[in-house]
Amino acid sequence: MRAFGFLSFGHYGGSPAQGGLSARQMLHDAIDISVGADELGVNGACFRVHHFAQQSASPMPLLSAVAARTQRIEVGTGVIDMRYENPLYFAEEAAALDLIADGRVALGVSRGSPEPADRGWEAFGYTGSTDPRGADIAREKFEVFLRAIQGEGMARAAKQPDMSHAAPGSDLRIEPHSPELIRRIWWGAGSRETAEQTGRQGLNLMSSTLLTEATGASFGDLQAEQIERYRSAWREAGHTHAPRVSVSRSVFPIVTEQDRMLFGLRPGDGADQIGIIDGHRSTFGRTYTGEPDQLIEQLQADAAVQAADTLMLTIPSQAGVELNLHILETFAEHVAPALGWKPNTEGPVQGDPVA
């Protein structure tokens, strides 16, 4: 690990009298947390995307606002649900965001996570899936999206093209076009097989906050194996640039009595969790909380954290700007340097060469 960012689920709702957030407040807090994180040297600001839930959705307006208010921090998603996307419109939005952000983009995409709606993507007009999880249309749309952002022709020019210098009948690419955007696309992988496919495609790997596998190995060891398989597939496919890899963890340094009161472990918090998701026996990562020396030792022993270039800290975004910046600042000051962290003032994060 040499970079860290934050991952916000963007929860809102509940009674304002009891501290509940409105959607408006959640969005403004997200921007303010990102601005503060940028000033601290944090490397990434990342947001979950969920539909039909009181959480972050429709990420491009938020990411554009964050990009416009910050200087160095990467802005991204973890992850955009391709089942709900028009791949060509998404390609336009992604390129525009990349240009606004001057390349500070880390867009995570995937099939999407389990959701509250029953086949909710169909309510958005995307029908035809024969998979109860919608994986088939997600993959098909993603392939179209990749072709579009790489500048392939996606439509034919008319016989008399209005508002264009294109030759009649010629191929038209999606505009705007950002030539390097393909290097900033991440696939959110929840298994070894999807990680290998991601490596073959030459995309960055965003290892999920859970894995649809439970072998008895620790979450960190399972992820480390996933990362190694990804890099092996990358090598075999012959890609020459350095890929990026991120993992997510819940980490709460305790440096004050208030930290101890808020983040002290409850029984079971300090261990991996096993559960059923999408019909698969799955492993969920543990929560790390403790004094800085303890966290340094534990994170140095986490094989996946050591194998990745970027660690994303899941933050309690609904707890407000001040507390979340405190968490990020204490991690930056007391923990991250011992793990090899390089703040965003030292330049963009680089992936590890795969020889």
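Biologist: Is Phe-142 buried or exposed?
Modeller: In this predicted model, the relative accessibility of Phe-142 comes to 0%. Since residues under 20% are classed as buried, Phe-142 counts as buried.

Biologist: Which residue forms a tilted aromatic pair with Phe-142, and which parts of the chain does the pair tie together?
Modeller: A search of the whole structure finds 11 aromatic pairs. The ring of Phe-4 stands 4.8 Å from that of Phe-331, centre to centre, with 70 degrees between the planes, so that pair is edge-to-face. In the tilted pair with Phe-142, the centres are 4.8 Å apart and the planes meet at 55 degrees, and the partner is Trp-187. Because Phe-142 belongs to helix H4 (residues 135-149) and its partner to strand E7 (residues 185-189), parts 45 residues apart in sequence are tied together, namely helix H4 and strand E7.

Biologist: Which charged residue lies over the face of Trp-187?
Modeller: Trp-187 itself counts as buried, because its relative accessibility is 3%, and ring pairs link it into a cluster with Phe-90, Phe-142 and Phe-145. Over the face of Trp-187, at 4.0 Å from the ring centre, lies Arg-139.

Biologist: Over which ring does the charged end of Lys-141 sit?
Modeller: A charge counts as sitting over a ring only if it is within 6 Å of the ring centre and within 35 degrees of the ring normal. The charged end of Lys-141 is 3.1 Å from the centre of the ring in question, which belongs to Tyr-126.

Biologist: How many residues make up the largest nonpolar core, and which helix or strand gives the most to it?
Modeller: In soluble globular proteins, nonpolar side chains tend to be buried together. Here the residues with the most contacts inside the largest core are Phe-4, Leu-107, Phe-145 and Phe-331, and the core has 69 residues. With 6 residues, the element that gives the most to this core is H4.

Biologist: How many residues are in the other core, which includes Leu-7 and Cys-46?
Modeller: This core lies apart from the largest one, and Trp-186 and Met-312 are also among its members. Its residues number 7.

Biologist: Where is His-165, and is it buried or exposed?
Modeller: The C-alpha atom of His-165 is separated by 48 Å from that of Met-1, a residue 164 places away along the chain. His-165 is found in the loop between strand E5 (155-156) and strand E6 (171-172). Because its relative accessibility is 86%, His-165 counts as exposed.

Note on methods:
Residues are numbered from 1 along each chain as its sequence is written. This is a predicted model: local features need pLDDT of at least 70, side-chain atom pairs count only at pLDDT 80 or more; totals for chains, interfaces and linings use all residues. Side-chain values use heavy atoms; hydrogens and water are left out. Helices (H or I, at least four residues) and strands (E, at least two) are DSSP runs, numbered from the N terminus. Buried means under 20% relative accessible area, exposed over 50%, partly exposed in between (1.4 Å probe, protein chains only). Rings of Phe, Tyr and Trp (its six-membered ring) pair if their centres lie within 6.5 Å; planes under 30 degrees apart count as stacked, over 60 as edge-to-face and the rest as tilted. A nonpolar core is a set of buried Ala, Val, Leu, Ile, Met, Phe, Trp, Tyr and Cys residues joined through side-chain atoms within 4.5 Å.
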